[in-house]
Structure formats: C-alpha cells, structure tokens
Amino acid sequence: MTPVIGGLAINLALGLAFVSIILHFFYLRNGDGRLFLSGQRAALAVSLLSILATLILAQLLITSNFDVDYVAHYTSFETPFIYKITALWAGQSGSLLFWLFTLSVYAVITILQNQRSQHKIMPWVMIVMTTVQLFFLILINYVSNPFIPTEADFVVENGLGLNPLLQNITMAFHPPMLYLGYVGFTIPFSFSIAAMAERDMNALWMRTVRQWLLFVWLMLSIGIILGGWWAYQELGWGGYWAWDPVENASFMPWLTGTALLHSIIIQEKKDMLKVWNMALIIITFTLCIFGTFLTRSGVMSSVHSFTASSLGPIFLGFVFLILVVSFLLLFNRKSFLQSEKRIESFTSRESGFLFNNVVFIVMCFAVFWGTIFPVISEAVRGTKITVGAPFFNQVNIPIGLILLLLTGVGPLLVWRRTSNQSFIRNFTTPIVMGLATALVFYILNIRGYVLVSFSLSAFVLTTIGFEFFRGIRSRMTSQKENPIIAFWRLIRKNRSRYGGYIVHVGIVLMFVGFTGHSFDSEKEFGLKKGDSEHLSGYSFTLYNVREEERPNHYAYIADMIVADASGKSIVKLHPEKRIYFHHNPNPERRQPHSELDIYSTIKQDIYSIFNSVDLENEVAYLKIMINPLVNWVWYGGYLFVLGTLVALWPPKKEIS
Amino acid sequence: MISFVVVFLMLFVMAAFVIQPLFLKPGLEIKDTEKSSAALKQRKKILYRQIKELDMDYQLGNIQDDDYGQTRNELKKEVAEILTILNR
C-alpha cells in the first residue's frame, strides 16, 4: 500500500512540475495573476509530494519492508535503526530521491520567503527550480525508481544489509550536509537566471543571493570536512583526502563558490564584476550537477561512487543544456550587466579579490582536468590513464600556498587604493614573523613546501592578529572599553569582516594540519601475545586478542598497550577486525572490515589498524601510523564553521 | 479498495489546491505587498555599512585622507539620493 502511494506521489509530482512550468510561462506572457498563483501552488505541490515520497521511503526502510527492492538491497533486520535511515541515501535511486527532497525543502522555503516580495523575478525563479526538480523526477520515475517491488517469486525473509563502510555515524551527517550544499546552489542559480531574464538585479536580490550563497557554501564546507573525517576514521589508510574523483566533485563547486563569495562583495559594494559573478554562479551550479553525474554515471571508479548505470548520458545532457541556455542568456544580457566602474589600483581590495578569484579558478581547472583526464584519455587513446594524488599535489600545493598568501594579504588591502604608508606599516611585522619562522625551520633542517607553508601560516596569523589588535585598540581608545568588551563588540559590530578573519584563521590551522602530513610514519607487523614493536619512539605491546559476537557483525579485537620512549604506558588501543553478515551461509557475502582505534592529541595521532588475524598461530597483523598535526585540520574546521556562522548571523538591530 | 480511495483523495486534493486560484476574478494583478521601496532601503543599509567600514579603516590608518574624503562623499551622495526618493 505505502510503496504504491510513494510511487504515485512521484508520478503526480512529475505531472505537476510540467503544469507549474507551463502556468508560469503563460503568466509571463499575459500577466494574469491567477496563472501565477496557480503555477506557484503547483510548484508547492511538486515539492510537498516529493517530500511525502521521501518520508514514505524512509518509513519503508525503518519498517524493513523487503517487498521493495531498494529496502531489500540496503537494509536488513540487523541493520541498526540510525543506519536504516541513512540507507535512504546509500543507493542510487534513494540518493536521487534525497536530492529531490532537499531541493523540494529549499523550494518551499523560497516560495514562503518571497510571498510578499520579488514578484517580478519569482516566476523565473520557480521555472528554473521546478525544471531542476523535473529533471530529477524524470530520473526517479523512469530510470531509477526507489519504489520498484522486489523481483522474487518468494517472500524475502531478510535484506542484504548496509555496506559496513557506511555504518559510521559520520555517514548520518556527511551526505545530508553535502546535499544541502550541492542542491542549495540551485537557489542562487535560479535567482541569477531570473534576474538576467527580467533585467532586474536590485539590492533585495543581492541580499537574497548573498545570504543563500553563504549558507549553502557553509553546508558544502561542513559536508567536505565531514567527508574527510569519515575517510580518516573509517577507510583505514590514515589520510582524509585522496583526490578521489568524487571528492574532487565536491571540491570543485566549493572552489568556484568560494571565489564567488569574495567577488560578489565587490558587486555589492562597487557594482562591478556582474558578468563575472553570473558566470561563476552558472559554473558553480553546473559543477554541482556534474559532481552528481560523476558519482552516479559509473565513469569513475571511486570508493564513494554508485555502481555503473545508464544515468551518465542523461546527466551530461542536462549539464550541456544548463551551460548552453545560461551562457546564451548571459551573452544576451551582457550590456545590462556591464559596469562603467573600473578597478583603480593594483594595491586595492578589489584587485586582491579579483586575483584570489583567478587563483581559485586556476585551481578548479587543475582539479577538473585531473579528474576528467582518465575519461578523455580513454576516449582519445582507448586507454584509461589515471592521474593520482601525485599529480594533484604537484599542481595544487603551490596554488594552495598562493591562496594562503592571499589570505594574509587581502585583509590588509583597502577599497580603491592602499596607501604606501599603511602598506609598509601593515606588512612589516607579518613579513618579519614569516621570515623568522622560515629561519627557525631552516635551522631545523626543514625545506621546500613545508618551510613555505609554515612561514606563510605565521605571516597570515600575524596579519589577522594585527587586525584584531588594531581594532581592539581603536575601540579601547574611542569607546573607552576594556580589551574583552572591545574584542566582543568589534566582532559583533563587524560580523562579516571579523567572521571572515576567523574563517581565515581556520584555514591557516588546516594548512598546518595538511603540512603535518609530510612527517607521517608507519609500520606493518605481526604480533603474538606479549610481543612488542617500535615506531617513532613508541612501543606497541599486544596483550590480548578477543572475540565478540554483536547484533550485526562478529569482531576480533586486538588489545594493545602503547608506551613512550621512557617505557611509561600512555594509552591502550583496541583496533578491531569485523566480519559483517557473518551469519550468511554464503562466505562470499560475509564482509570483513577493519575498525580503527586512534589516540589523538594536539601533537599527533597514533592510528592503529587490525589488518587480519591468524587464529591457528595466534598472530595479529597490525598497522600503526603516526600522523603529526592531523587534529589541526579538524580544529581549523571548527573555526571555519564558527567564523562563517558569525558572518552569517543577522545583526540584532539594522539601520532603518 | 483502500488504495483506490487514497489515490483518488490525493489526486482530488492536489488538483483542487492547484486549480482553485483559476476561479478567482479574471485579470488578477500580482504586486509586491512588501513596500516597493524595499530594494532602495536595502541599498541604503548597504551604503551605511560601507560608510561604517570606511570610517573604521580610516581610524585604523588603512586609508589616506584624500581617498577617505572622496570615497565618503561619494557614498554620502548616493545615500542622499536614495533618501530623496524615499521621502517623496
């Protein structure tokens, strides 16, 4: 019964999406408000039906209704409750429905938010958003339907269960955050197409686009950071970023989105760069759809991607359509978007932002090229040539370091022109700090990118610290405030500016963490009970190997004592080797999985992996990695999120 | 039977919800109920914020006297134009 309603809901939503688009077009043609209201209600109905369908699928997953093929494929009775919910986005059709669900929630908010305003552009906004919904509804109805019944002439007693790699609590948050980011870019894109179509780009439009941009960018950023956290905690290779095609798919729109966040400030303040910003919005949204294509088409092999499917050409067609229509419109509206103002000086904040934009785009292109190169090489030469992490690191590390430098330089530049005196005054101390750091690391025999990265980090932190210091000092003098109150009010009264600085501090901490990767060390060994091994001044002693049967897996647990160079015990680690689906009579369906145990400190992580166990000879095979400064990446991530929230938080009282 | 009723109800409710506005008075005009000056007021807020930031940069010594005076005057001029329109 419920699967039927779910199927019907997406059928009906598909029909209503067509109706909504047609009604809006007719309204634009003859201006009869009844058509607008009816079209908007149809759009609302499309969203509500899509949300209903998603809730129905969630209910089917929770109640283990194995009559539905998707439920039987991605859950079992043993699957814990939380992972029955996360199974919603674990498979192809479910994840497409979840994409639609997210977009539908956004569409409802957009409609409700703009009931009393922006009526001139709203029909176009709804046409664009509903067209994107229509695309996903076509896929869900005709290509990958999550409500298809199980093809079996017998009662399915139990489902196959969820992939153990996805049975990690981060998976409850990482994909929804990514979706909120990816899908959310539809809103600024829709508003931009609408503004170009109607030649109406006023300050209200700017407010809407900027706020949405910042919000969806934050969601995408959190999604990417959580993805890195999940990879680090779950995949067992000791890293958080592997330049995997699907990781790159989320990173590319993040890069262009970050460029856009900077350049749109110039549009808001100076009424410049409108053509550039429109192009960036189009590219960012297209990259979001392209990323969805990469994950689902099967053209790339990745730990994150779904199995090969027929979705690829359809997605590529949609990407092509978006690019052609959007850029034709942009070309047609070029004269409306062009500004008479020009950048006045090379040493202005405008040129700093523009330069940062160029660097972001170069980096995005490098990632894009490396990502699609295997496909191009296969198409041209018939052999798939994969470019791995060495290529991406070689190209992106220098570009990343330039961006890090700009993170420090940008805030010290002022609008229009930076005076020579302020240039010298603002940059002297940070440059001295950067050089001093370089000297210290040089003496410590550290060279190359590591030295540059630490020196630039010191330079940027000093520039930001200097900015805070001067702001606080200014308030202390002019407002007679104590340093703590001055610090608090400085941020509260300039949220956008100082929120941005906090984000920049977060980025510096992340760079410190990335750089720590250069000092990683690792060792693989087999141990019998009571034996020890040594790595980087630590000893690892195996004192027990236990076995435990749990509801959805069977676990072998290695109990280890870690001691420092003086022999003092510092921690006990318990990495596990798990066998999922261990009750399955078919041994091929039983899935081994290594559950890590990590001892984290601010200085480094001790990362332990239980590779395998030889029960006959009582040997546990383990891998230990010492990963310096990893936690700085996560601390940077927290600050990054905090800073964006500060910038996003609306002021208590606005000037009226 | 139940599925038939549910399906019928869903179709009926959705159709009624979407079609209902078409039965309103013909030629209905859609206007922004939020004041038409909302965009100008928003622009004014942006300009005030820019003046505040400019003053802060000046206080911090990031900007020269002549640049500060010229930029501030330009911003004030735009604010004055908006205020004139809003007060009409």
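**Notebook: a cavity and an interface**

I looked for enclosed space and counted 1 cavity of 30 Å³ or more. I note that the model is a predicted one. I looked up the volume next: the largest cavity holds about 60 Å³ of space.

Which residues line the largest cavity? From chain A I listed Lys269(A), Lys270(A) and Trp415(A). From chain B I listed Gln50(B), Glu53(B), Leu54(B), Thr71(B) and Leu75(B). I then checked which elements give two or more residues to this lining. They are H10 of chain A, and helix H2 (38–59) and helix H3 (65–87) of chain B. H2(B) gives the most, with 3 residues. I sorted the lining by type: 3 residues are nonpolar, 2 are polar and 3 are charged.

Next I turned to the contact between the chains. How many residues does each chain bring to it? I found 54 residues from chain A and 46 residues from chain B. I read off the area too. Chain A and chain B bury about 4,700 Å² between them. Carbon and sulfur atoms carry 58% of that area. I asked which three residues of chain A supply more than any other three. They are Arg34(A), Arg41(A) and Arg416(A), with 15% of the area that chain A buries against chain B.

I followed Arg416(A) further. Arg416(A) forms a salt bridge with Glu74(B). Their closest N and O atoms are 3.6 Å apart, and this counts because the cut-off is 4 Å. Across the interface I counted 5 salt bridges. I also counted 18 residue pairs in polar contact there.

Last, I looked at which elements of chain A touch chain B. Those giving two or more residues include helix H1 (2–30), helix H2 (33–62), helix H9 (203–235) and helix H10 (245–270). Further along chain A, helix H16 (420–443), helix H17 (448–478), helix H18 (483–493) and helix H19 (495–516) are also among them. H2(A) gives the most to this side, with 12 residues. By type, I sorted the residues on this side of chain A into 22 nonpolar, 15 polar and 17 charged.

Notes. Residues numbered from 1 in each chain as written. Chains lettered and ligands numbered in written order. Predicted model: local features only at pLDDT ≥ 70, side-chain atom pairs only at ≥ 80, totals over all residues. Heavy atoms only, no water. Contact = heavy atoms within 4.5 Å. Buried area = accessible area lost by both parts, 1.4 Å probe. Salt bridge = Lys/Arg side-chain N within 4 Å of Asp/Glu carboxyl O. Polar contact = N/O pair within 3.5 Å; in protein donor to acceptor, adjacent residues only side chain to side chain. Helix = DSSP H or I, 4+ residues; strand = E, 2+ residues; numbered from the N terminus. Nonpolar A, V, L, I, M, F, W, Y, C, P; charged D, E, K, R; others polar. 1 Å grid on protein atoms, 1.4 Å probe; cavity = no way out; pocket = protein on both sides within 12 Å on 5 of 7 lines; lining within 4 Å. Points joined across faces, edges and corners; volume = space filled by probe spheres on them.
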